[in-house]
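Student: Could you take me through one part of this structure closely, and then connect it to the rest? I would like the criteria spelled out as you go.

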Amino acid sequence: MSYVLRRLLATLPVMATVALIVFSLLHLSPGDPAHVLAGETATPDEVASIRAALGLERPFFERFADWSYSVITGNLGQSIFFGRPVADLILQRAVPSIALSLLALLIAVAIALPLGMFAAWRAGRVIDKMAMSFAVLGFSLPTFVLGYLLILFFSVHLRWLPVQGYVAPEDGAVSFLRHLILPALALGLVYAALIARVTRAAMLEVLGQDYMRTARAKGLGLWRMVVRHALKNAAVPIVTVIGIGFGMLISGVVVTETVFNVPGVGRLTVDAILRRDYPVIQGVVLVFSATYVLINLLVDLSYALFDPRVRR
Amino acid sequence: MNAPPATAGRVATELTRHPAIWIGGVILLLFIVAAVAAPWLGTIDPQRIRPLTRLRPPDADSWFGSDMIGRDVFSRTVYGARISLVVGITVALLSVAIGLVVGLVAGFVRWFDGVAMRVMDAMMAIPSILLAVALIALTGASLQNVIFAITAAEVPRVARLVRAVVIVLRERPFVEAARVVGTPFVALLWRHVLPNTLAPLLVQGSYILASAVLIEAALSFIGAGTPPAVPSWGNMIAEGRAVFQIAPHIVLFPGIALAITVLAVNLVGDGLRDALDPRLERR
């Protein structure tokens, strides 16, 4: 069986188990699932009709199978507050969140790769210690605290960028970017710290190898040596941590969108918490977890690009 | 991994060789002392509302200023350390204890291993804040539920770590030898397995403490954490949100306290990692 197919199949049990956990949260918790799904303001009739639809008298796994089928077909349930399908609400809010995550990822990689490589090259020297201190600091600054510091400095003090809000890309690309740059920076910095640390460790490992000494002896230029030989061989741990760290990025999206008032899926989640809209929370958990699993599937598949041995 | 026994002298040498441990440790200790001694540190009742001194900037009388309903930000920040540290330390202890049991059983009992690790993989696929949000949405916002929800999100990391250690140990000659001569299982665990999980657990435990403090603050910030009346750092930052541009001190002081606490714990964690794993340090 090919590597790609094998990896694809391996994600299915993980997704199924994630779905089982999410389903069990609601159905095995002490409360009445029908009450939770109907919301606090529901009339007894509404609760009764939801209870009938859930078929709570049926065996657990039968209900789980039914629910899973509807989730696969894109039915994530109804929002209590909006009275609309949860899937529609999430789709509607997807663009700001995706744009924010991608820009944060871009910023993180752009900071972390050079920083980690440089620190490894100058390992043990002052510059390395400074870079790694930055990484520990970046790792400890909560995204929302950093967000407020950035707003205070760049928006309130210098007045360079808008304080918060969001402009859709079709309403002006420049304005779109100006609104997104600070949230992406706040979100990306923690991620950058994580990637920089792993990049440094991976590069140190590679730089100590015999073939790097050979490359240097051959008189290869620094650039060719670092990028063609070292970075390619250090790539597997680096893309791995980018994948693992994506969970952190998703958690960060929820917080960052609240700080900067970005109308994305994170903001939808926070509003759902305040409105006690459990179907929305459940849908968001499913969609974000699926995204995380997919990202890590892509990471696994990318190994084949860097390491031909994996393709077997 | 079989380190020489820890004597006072050896501990002292390690500490001087890894300043991160004691720098972080001292800061953390200061926060713990401040949290315990909160009532005697020049604080007033953190819940006392004084409408006449709303939004007062920091000055000599009220060091951190006051918030939008006149509560003293310094007092609230000091009392907030209690919440953060209680959550962080409890979650770290609970996750290490539960994860240790799950990991040990998974490492020795094959049929349990497959099931438990699939569940742990799936739990790690759910972003930790969202798992906590879902649990709290079902159980209600209280300090216990916050601790429970964050622990649920952290246990898989410990369980996987312990299992990995056990699986390597299981095949090692000294464990096999102990089994062959009929060492009771509990003695085998106690004498040979547990001591070898101690170092990685200590490091992982400190990272979990840092992460739990962060997640608690983030949960409170988005309204899924400690109840609003509780002076936790996340709640304070959430309350100061609306007036951030005119009174940034309400957000900044708890924010800085939070960042310093997490930094201190991470420093201890990094230092312990370097001290306990000499292989990594020399890089």
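Tutor: Happily; we begin with one helix and then move outwards to ring pairs, single residues and a whole chain.

A word on conventions: this is a predicted model, in which local features need pLDDT of at least 70, side-chain atom pairs count only at pLDDT 80 or more, and totals for chains, interfaces and linings use all residues. Residues are numbered from 1 along each chain as its sequence is written, chains are lettered from A and ligands numbered from 1 in the order in which they are written, and side-chain values use heavy atoms, with hydrogens and water left out.

Now to helix H11 of chain A, residues 222–260. Helices here are DSSP runs of H or I with at least four residues, strands are runs of E with at least two, and both are numbered from the N terminus. H11(A) has 39 residues, yet its end C-alpha atoms are only 41 Å apart, short of the 57 Å that a straight helix would reach at 1.5 Å a residue. That expected span is 1.5 Å times one less than the number of residues. H11(A) also bends by about 50° at A:Ala235, and the proline A:Pro237 follows within four residues. The bend is the angle between axes fitted to the seven residues ending at a position and the seven starting there.

What follows H11(A)? The next residue is A:Asn261, with a positive phi near 55°. A:Asn261 lies in the loop between H11 and helix H12 (265–274) of chain A. Most residues other than glycine have a negative phi. With a relative accessible area of 37%, A:Asn261 is partly exposed; buried means under 20%, exposed over 50%, and partly exposed in between, using a 1.4 Å probe and protein chains only. A:Arg159 has a positive phi too, of about 60°, although it is not a glycine. A:Arg159 is found in the loop between helix H8 (143–157) and helix H9 (173–207) of chain A, and at 69% relative accessibility it counts as exposed.

Next come the aromatic rings. Rings of Phe, Tyr and Trp (its six-membered ring) pair if their centres lie within 6.5 Å; planes under 30 degrees apart count as stacked, over 60 as edge-to-face and the rest as tilted. By this rule there are 16 aromatic pairs over all chains. In one of them, the rings of B:Phe108 and B:Phe185 have centres 5.1 Å apart and planes at 85°, so the pair is edge-to-face. This pair links distant parts of the chain, with B:Phe108 in helix H3 (residues 73–108) of chain B and B:Phe185 in helix H8 (residues 185–221) of chain B, 77 residues apart. B:Phe108 is buried at a relative accessible area of 15%, whereas B:Phe185 is partly exposed at 41%. The rings of B:Trp111 and B:Phe112 have centres 6.0 Å apart and planes at 85°, so they also form an edge-to-face pair. B:Trp111 is exposed at 67% relative accessibility, while B:Phe112 is partly exposed at 24%.

In chain A, ring pairs join A:Phe23, A:Phe60, A:Phe61, A:Phe64 and A:Trp67 into a cluster. Chain A also has charges over rings, meaning NZ of Lys or CZ of Arg within 6 Å of the ring centre and within 35 degrees of the ring normal. The charged end of A:Arg122 sits over the ring of A:Trp121, 4.3 Å from its centre, and A:Arg275 lies over the face of A:Phe81 at 3.8 Å from the ring centre.

One residue of chain B brings in chain A. B:Met123, in helix H4 (residues 110–125) of chain B, is buried at 18% relative accessibility. Beyond its neighbours within four places in sequence, B:Met123 is in contact (heavy atoms within 4.5 Å) with A:Ile21, B:Leu131, B:Ala152 and B:Pro156.

Finally, stepping back to chain B: it has eleven helices and zero strands. Its C-alpha trace spans about 75 × 50 × 30 Å along the principal axes. Of its 283 residues, 52% are buried. Among contacts in chain B between residues at least 6 apart in sequence, 72% join residues at least 24 apart.
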